Amino acid sequence: MRKILISLLALVPLAPAACSPMSPDPLEVKVAEISSETTRSNVAAPDLAVTLFETAQLAVVTDETHLAQAGSAAIALGVPVLTKEQVATAKEELELTHAVSFVGQIDGLETISPDHLPTLVSQRGLKATYQPEPTDLANALTQLEPGVLFGDSPDDMEEQLQVKLAPPSSTSVHLVTTADNPLAVAQARAAGAEVTLLDQDPRAKSFDANALPSPALTSFDADTLSRWQAALGPELPGGGHLIFDGKRYIALYGSPLSAALGVLGEQGLEATIERAANTAAPYRELTEDEVVPSLEIIVTVASGGAGEDGNYSNEWPAEDFIPYVEAAQAAGQYVVIDFQPGRSDFLSQVKQYEKLLAYPNVGVGLDPEWRLGPDELPLTRIGHVEADEVNQVITYLADYVRDNALPQKALVLHQFQIQMLRDREKIDLSRPELAVVVHADGQGPQAQKSATWAALHKDASADLHWGWKNFYDEDHPMRTPEQTYQVIPLPDFVSYQ
């Protein structure tokens with residue numbers, strides 16, 4: 001890879017010096033070679049200078065107030081742009097000796113006034129032109145033509161600098177960053193790199209992270225980095241890495257280990273996958289969104305007996321469900337593993353199924369109907385769960401998604417009575433690793449179900465997604481697909497029991 005060699009020769013004032021005396025020796029600036037080993041590496045903005053530049057005896061120094069002017073100057077000159085705080089850490093690694101400073105004298109460096117920029121820029125074979133500062137700085141820097149400087153042009157100066165710059169070259173590295181990181185944009189453009197500025201979640205189907213040129217660096221905060229890493233991994237059924245990104249779900253509910261628990265267990269594995277596909281098929285004519293066939297599998301079931309662990313819940317081995325998860329994955333289907341904890345708690349049970357959570361097509365369902373108090377038994381009353389317990393699951397599951405670079409997971413919360421999800425307004429909906437669904441899974445006459453649907457939506461957060469359940473035997477009558485998609489708002493998730 002070619003290296004940029006910019007020589008600032010004989011920085012000698014033509015008139016009696018009003019600025020600091022300059023070294024007659026050329027000042028060297030070299031762009032670093034970015035190897036394929038650094039592909040997809042994330043670099044914090046303060047470290048970009050030493051990543052992109054091997055040597056930079058000249059840099060532009062700025063603060064937040066002057067970032068537009070300094071960024072455009074760095075792009076014009078092909079040198080790093082640093083904050084005053086970054087100079088101390090970068091000085092030794094870059095062999096920094098001189099600075100075009102927007103913040104006054106820099107200790108230990110020969111300082112050049114920004115008023116000399118037109119002269120410096122002319123030695124790059126460019127004509128300096130000044131434009132007003134843009135409101136969208138990151139986008140403006142991404143598209144900026146070298147030689148265009150933001151801010152007001154300086155008054156004529158009595159002294160001039162004689163500077164000669166070598167012809168510019170560029171690195172082949174590609175930087176991906178966000179609009180709130182203009183310093184990183186300026187740094188990359190100054191090194192001759194191309195920049196892709198994210199204006200959306202990188203996990204969206206409309207953005208293909210793997211299609212970017214290589215090598216590519218990123219400069220992201222921790223939250224955006226976790227989304228980016230997930231976007232480089234396996235996609236969800238229906239495409240992309242977000243649960244509800246132009247997708248809706250139609251699911252069979254039950255357990256493959258017991259036909260008594262729902263339609264999912266009424267046939268064998270291959271027939272279940274086929275039945276899920278056939279159940280979802282009529283919905284495709286009713287929406288422009290992608291319809292994803294799904295399985296909602298009960299993995300722990302509330303029990304009338306205490307069991308060996310005394311929690312009134314039977315936990316089936318995770319290995320029993322792997323064939324269903326993998327068959328669904330191969331068929332482009334999603335899986336929600338559902339928990340009925342009895343006298344246990346949701347987090348303790350969810351943790352037992354990490355082996356299933358590792359699959360990108362697996363989400364989690366919590367059923368508070370079967371979350372019992374210390375002296376309660378199943379079927380004697382409808383259970384409930386507090387927001388704190390739900391939030392413990394959210395934190396654990398979101399961290400697991402982030403730490404394992406998985407696509408977003410669905411968290412389905414069953415609710416057909418207000419009391420089932422108490423203090424629902426306190427449930428944490430801020431974690432981008434999860435899409436939270438309130439699943440209205442009540443049964444009975446349609447008028448009653450519609451009333452429940454309306455009550456659950458009252459004062460609900462706009463960040464919630466919604467699920468509807470159709471019961472073959474208990475609904476009076478069960479809605480057809482056309483009638484189901486007449487429910488307002490349109491359900492994101494529909495299951496059949």
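Strands here are DSSP runs of E at least two residues long, numbered from the N terminus. The model in these close-ups is predicted.

**Close-up 1. The largest pocket, with a volume of about 470 Å³.** Here we're looking into a pocket lined by 24 residues. If you want to get your bearings at its centre, look for Glu369, Phe416, Asp441, Gln443 and Phe471, the lining residues that lie nearest to that point. Three elements each chip in at least two lining residues: β17 (290-302), α13 (446-457) and β25 (465-470). Sorted by class, the lining comes out as 12 nonpolar, 7 polar and 5 charged residues.

**Close-up 2. The second largest pocket, at about 280 Å³.** This one has 18 residues in its lining. Nearest its centre sit Gln408, Pro432, Leu434, Ala435 and His465. Strand β24 (residues 434-440) gives the largest share of the lining, and that share is 3 residues. As for chemistry, count 8 nonpolar, 3 polar and 7 charged residues around this pocket.

**Close-up 3. A cis peptide bond between His476 and Pro477.** Check the omega angle here and you'll find it at about -15°. Pro477 belongs to the loop that runs between β25 and α14 (481-484).

**Close-up 4. Another cis bond, from Ile488 to Pro489.** Omega for this peptide bond is near -5°. Pro489 is found in the loop between α14 and β26 (493-496).

**Close-up 5. Tyr312, a non-glycine residue with positive phi.** The phi angle of Tyr312 is about 55°. To find this tyrosine, go to the loop between β17 and β18 (313-315). Is Tyr312 buried or exposed? Its relative accessibility is 15%, so Tyr312 counts as buried, the cut-off being under 20%.

**Close-up 6. Asp423, with a positive phi although it isn't a glycine.** For Asp423, phi is near 45°. This aspartate sits in the loop between β23 (421-422) and β24. How accessible is Asp423, and which class does that put it in? The relative accessible area is 24%, so Asp423 goes down as partly exposed, a class that lies between the under 20% of buried and the over 50% of exposed.

How values were computed
Residues numbered from 1 in each chain as written. Predicted model: local features only at pLDDT ≥ 70, side-chain atom pairs only at ≥ 80, totals over all residues. Heavy atoms only, no water. 1 Å grid on protein atoms, 1.4 Å probe; cavity = no way out; pocket = protein on both sides within 12 Å on 5 of 7 lines; lining within 4 Å. Points joined across faces, edges and corners; volume = space filled by probe spheres on them. Helix = DSSP H or I, 4+ residues; strand = E, 2+ residues; numbered from the N terminus. Nonpolar A, V, L, I, M, F, W, Y, C, P; charged D, E, K, R; others polar. Buried < 20%, exposed > 50% of the residue type's maximum accessible area, 1.4 Å probe, protein only.
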